[in-house]
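User: I'm new to this structure and would love a close look at one helix and its surroundings. Could you walk me through it in a connected way?

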Amino acid sequence: MFYNFFMINLDLIVDETLFRYPDVKPFLNYKNNYELLIMVILSARTTDNLVNKISPYLFERYENFESLSRANVRDVEKLIYKTGFYSRKAKNIVNCSIDILEKFNGVIPNNIFDLIKLPGVGRKTANVILGSVYNKPAIIVDTHFSRVITRHALSLESSPIKIELDLKRRIKPCKQYRFSMAINKHAREICTSRNANCDNCFLEKFAPRVC
């Protein structure tokens with residue numbers, strides 16, 4: 001594993017990844033920044049497909065931070081219960097809306113330090129916002145991304161935050177967000193959690209799977 005890691009040309013891998021996945025579309029079907037933030041919070045421990053299915057019903061009733069901030073948490077729970085952990089998520093998205101209105105004048109923060117202070121927002125969600133909304137450097141470490149990174153030893157770190165910080169140090173800022181999205185797509189299509197299609201994985205040529 002260590003031999004594999006130190007022989008890796010990460011710059012080459014990043015460029016090849018971006019060449020193969022040049023324009024990755026968002027996995028969540030959102031119309032504006034408000035919807036994106038709420039949907040990413042709801043996506044914790046569930047699938048993007050499920051969030052895409054239930055979110056229209058939520059946004060039909062609560063179309064912005066103002067309306068969601070005034071929502072009854074019980075009513076929100078009924079709309080999002082299929083996502084799992086619905087009680088906590090309902091409280092988080094309501095309180096997150098309140099904080100954005102009261103502490104940030106209705107504007108989603110543009111830095112990770114303020115973002116992670118919002119209820120329900122961890123580093124993954126914060127990096128999604130930084131990359132998608134503000135076009136800032138961002139490494140988005142979710143289960144899909146970390147699976148590819150770990151299997152191919154593109155980082156020797158194991159925890160999400162350490163993987164994020166390691167790759168931020170080693171990948172050019174202008175390529176970080178696009179690389180995150182591209183690897184995520186590769187994970188969903190080729191490097192799946194079960195029955196990974198290693199024969200058709202371009203990474204095998206640059207960094208053979210180690211686990």
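Analyst:
**A close look at helix α10**

Let's begin where α10 begins: a side-chain oxygen of D142 comes to within 3.2 Å of the backbone nitrogen of H144. Please keep in mind that this is a predicted model.

Helix α10 itself covers residues 143-151, and its buried residues are F145, S146, R147, V148, I149 and R151. What do these buried residues pack against? Their partners are α11 and α12. Once α10 is over, A153 follows, with a positive phi near 50°.

Since α11 and α12 are the packing partners of the buried residues of α10, let's visit each of them in turn.

Helix α11 takes in residues 160-170, and both D166 and R170 belong to it. These two side chains form a salt bridge, with the closest N and O atoms 3.0 Å apart. Their spacing is four residues, about one turn of the helix. Is D166 buried or exposed? D166 counts as buried because its relative accessibility is 8%, and the cut-off for buried is under 20%. R170, at a relative accessible area of 21%, is partly exposed. The pair also has company: R169 joins D166 and R170 in a network of salt bridges.

Moving on to helix α12, which spans residues 173-189, we find K185 and E189 four residues apart, again about one turn of the helix. Here the side chains of E189 and K185 meet in a salt bridge at 2.8 Å, N to O. How accessible are the two ends? K185 has a relative accessible area of 27% and is partly exposed. E189, with a relative accessible area of 44%, is partly exposed as well.

To set these pairs in context, a search of the whole structure finds 12 salt bridges. Another of them joins R61 and D75, whose side chains meet at 3.6 Å, N to O. This pair links distant parts of the chain: R61 sits in helix α4 (residues 48-61) and D75 in helix α6 (residues 73-80), 14 residues apart. D75 is partly exposed, its relative accessible area being 24%.

To retrace the walk, you can start at D142 and its contact with the backbone nitrogen of H144, follow the buried residues of α10 to α11 and α12, and then look for the salt bridge of R170 with D166 and the one between E189 and K185.

Definitions and conventions:
Residues are numbered from 1 along each chain as its sequence is written. This is a predicted model: local features need pLDDT of at least 70, side-chain atom pairs count only at pLDDT 80 or more; totals for chains, interfaces and linings use all residues. Side-chain values use heavy atoms; hydrogens and water are left out. A salt bridge is a side-chain nitrogen of Lys or Arg within 4 Å of a carboxyl oxygen of Asp or Glu. Helices (H or I, at least four residues) and strands (E, at least two) are DSSP runs, numbered from the N terminus. Buried means under 20% relative accessible area, exposed over 50%, partly exposed in between (1.4 Å probe, protein chains only). Contact means heavy atoms within 4.5 Å. A polar contact is a pair of N or O atoms within 3.5 Å; within protein, one must be able to donate a hydrogen and the other to accept it, and residues adjacent in sequence count only if both atoms are side-chain atoms.
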